[in-house]
Amino acid sequence: MGKKIRGFFRSFVFRLVILLIAIGIIPSAILFTILLRTYQSRSVDLKTIEILNQAKILANTISTEEYLQNPKNPGIDSQLTLLSKIYDGRVIVVNQACRVVKDTYDMDRYKTIISQEVMRSFRGEEVTNYDAENRYIELTVPVAGMADGADEPGVSGVLMVSVSTDTDALNYSYLERTGIMILLTTLMVLVLLSVIIAIEMAAPFKRLSGAIHDFHAGMENEVLSVKGHTEVQELTERINSMTASMKVLNDSRQEFVSNVSHELKTPLTSMKVLADSLNGQESVPIELYQEFMADITVEIDRENKIISDLLSLVRMDKAAADLSVTSVNINDLVEIILKRCKPIADKQGVELVFESFRPVTAEIDEVKMSLAISNLVENAIKYNRTEGGYVHVSLNADYQFFYVTVEDNGIGIPEESQDHIFERFYRADKSHSREIGGTGLGLAITRSAILMHRGAIKLHSVEGEGTTFTIRVPLNYIES
Ligand code: ADP
């Protein structure tokens, strides 16, 4: 259960939903907050400017009408009351002695007001303040006039206006509520949309996973076919090519096993036939016994050769780490091989020649390389002509590789067989090869050994004229 829940939180769908919601909602929320803040400060600013203008006009009228000296002026009184009513605020006029001449709230009349703002306005400044906590705008403007005892015109009083911004706050909170509602609705739509999008996007992966499951369960023998976005198509193609190569591998393994069984059984069957025919006869002449026993020995040798070739091949199949690399004199190595093959060549009437262009020393696994070259030389002798046959082995090197060429003027390899002769158990001319003897494993062993040394093997052959094998091996062993 816990695993399922963890799996859900880690799922592509869940992550995509979260991502889409975050992408949708975070910028909207930020934008909304910024807009709301800007609206609030801008509305306070505008209101402040508006009231300041009104106050300045009034201060001017107060000055020209000499209201401070004569506060019983119904015209100005009504203007002051109007201003306080329009803006739902309070208007106070103080004279030079900081005494309140007019208070639209009638609370502080004749009192003295000495505040910092009033003092600043007496110095000629217009002061505006916004008290965000108690939500009111407060401003003071100087009233021009001749101050007592002064020679020049200056400030003779101050007009104070304080206005509540409660109505704006109401607007503001209404906007805030509407915005939150819009955000919540957007969130709900986003959740719905992102779930649909995420499920839709994950669907091809689900289909692919289902198809792989069916494929695995053997319900589908053909290739996978899943419709969806490019990535899924690519994935499907990769899986198809992977399963195809696995199938080839599996087929070749099965073929190999059946070939091995067949090859191992053939000498045994021959031996059984020979032994049975001896056992089935009453009085067998000793010559026949000897002849059959000699045949049985040949079959035993053949069986032995197949098994040892198979063992070599298995060893070659192991990781290249199994190579025991040492610095080896290749000239000596080839000479030893040729010396060993000389008796067979002489027996077949094949001339064996070695040509070395320079002394070569290379880092190789001596046993495996020796096996690889031996197989080539043995084949060149085996598949040769009855008269005038030769095998030329040459050794050369450049600064990077050494090259061994084994050239014969034997029976050659038919073109259609040339692509297959490195395969296990493959023999070009079945009847002829059987006569000559062999397991069909020699070239497979050679190729594996050369590849383990990160080398290459090349073949050139013309049927009836001869064959040349060339191997190229790095002088210094290249670790993988
Ligand atoms: P085998 O044990 O049959 O020699 P190999 O793997 O060594 O197995 O060779 C595979 C086949 O390639 C041989 O059966 C033979 O038909 C062909 N072949 C190999 N070398 C030569 C050669 N030098 N000339 C002609 N045919 C060759």
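## Salt-bridge tour

Start by selecting aspartate 166 and arginine 135: the two form a salt bridge, with their closest N and O atoms 3.0 Å apart. The model on screen is predicted. This pair links distant parts of the chain, 31 residues apart. Colour by secondary structure to place the partners: aspartate 166 is in helix H5, residues 166–216, while arginine 135 is in the loop between strand S3 (127–131) and strand S4 (136–146). Switch on a surface next. Aspartate 166 is partly exposed, at a relative accessible area of 39%, and arginine 135 is also partly exposed, at 35%.

Next, select lysine 102 and aspartate 77. Their closest N and O atoms are 3.7 Å apart, and the two residues form a salt bridge. Here too the pair links distant parts of the chain, with the two positions 25 residues apart in numbering. Lysine 102 belongs to strand S2 (residues 100–103), and aspartate 77 to helix H3 (residues 74–86). Is lysine 102 buried or exposed? Its relative accessibility is 15%, so lysine 102 counts as buried, the cut-off for buried being under 20%.

Move on to aspartate 365 and lysine 368. A salt bridge joins them, the closest N and O atoms lying 3.6 Å apart. Hide the surface to view this pair. Aspartate 365 is buried, with a relative accessible area of 4%; lysine 368 is buried as well, at 11%.

To continue, run a salt-bridge search over the whole structure: ten are found, including the aspartate 166–arginine 135 pair.

Terms used. Residues numbered from 1 in each chain as written. Predicted model: local features only at pLDDT ≥ 70, side-chain atom pairs only at ≥ 80, totals over all residues. Heavy atoms only, no water. Salt bridge = Lys/Arg side-chain N within 4 Å of Asp/Glu carboxyl O. Helix = DSSP H or I, 4+ residues; strand = E, 2+ residues; numbered from the N terminus. Buried < 20%, exposed > 50% of the residue type's maximum accessible area, 1.4 Å probe, protein only.
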